[in-house]
Amino acid sequence: MVQNSTPIAPPRGLQQVLADYPRELVAALPSAARACGVELFLTGGGVRDWLLGRHNHDLDLTITAGATALCRQLRHALGHGSLIELGEPEDDTCRLVYARHVVDVTGFRGGAGSISEDLQRRDFT
């Protein structure tokens, strides 16, 4: 994996989704994902609210696996935050609360091998 120390500017739509979150939190996401060796995907309510033109209130991220490790890495990078493991260990779901903002991280569902497979297994109701 090539390490790049230059911050990558998120695409314009993504910038809009992330605009409601503290700058330091948004800036810590790519390096935390790199440190954990995972790709990061924006999913859930943040995407829905962006598509509907609303402000989002939670940040839902999906990674291949290791939700708790990513939340711990984020908390370490930010210097503080509350980490809450959600569900059972096999659910691979964790929450980080930082400066009144909620970041929920989940691993791919049900053994999915790609984000496409993961999305097919999600409940969109």
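This text follows helix 4 and then an aromatic pair through a predicted model.

Helix 4 comprises the twelve residues 67–78. At a rise of 1.5 Å a residue, these should span 16 Å, and the C-alpha atoms at the two ends lie 17 Å apart, so expectation and model agree. Within helix 4, the buried residues are A67, T68, L70, C71, L74 and L78. Around the axis they occupy an arc of only 160 degrees, which means that they share the same side of helix 4. The general background is that an α-helix has 3.6 residues a turn, so residues three or four places apart point the same way.

The cover over the buried residues of helix 4 includes one helix, helix 2 (23–36). Strands also contribute to it: among them are strand 2 (58–63), strand 3 (82–86), strand 4 (93–98) and strand 5 (101–107). Just after helix 4 comes G79, which adopts a positive phi of about 95 degrees.

The second topic is the contact between aromatic rings. A pair of such rings is described by the distance of the centres and the angle of the planes. The structure contains one aromatic pair. It is formed by F41 and F108, whose ring centres are 6.1 Å apart and whose planes meet at 40 degrees; the pair is therefore tilted. Because F41 belongs to strand 1 (residues 41–43) and F108 to the loop between strand 5 and helix 5 (115–120), the pair ties together parts that are 67 residues apart in sequence.

The two partners can also be described by their accessibility. F41 has a relative accessible area of 21% and is thus partly exposed, whereas F108, at 11%, counts as buried; the cut-off for buried is under 20%.

Key. Residues numbered from 1 in each chain as written. Predicted model: local features only at pLDDT ≥ 70, side-chain atom pairs only at ≥ 80, totals over all residues. Heavy atoms only, no water. Helix = DSSP H or I, 4+ residues; strand = E, 2+ residues; numbered from the N terminus. Expected span 1.5 Å × (residues − 1). Buried < 20%, exposed > 50% of the residue type's maximum accessible area, 1.4 Å probe, protein only. Arc of directions from axis to C-beta. Contact = heavy atoms within 4.5 Å. Phe/Tyr/Trp six-rings, centres within 6.5 Å; stacked < 30°, edge-to-face > 60°.
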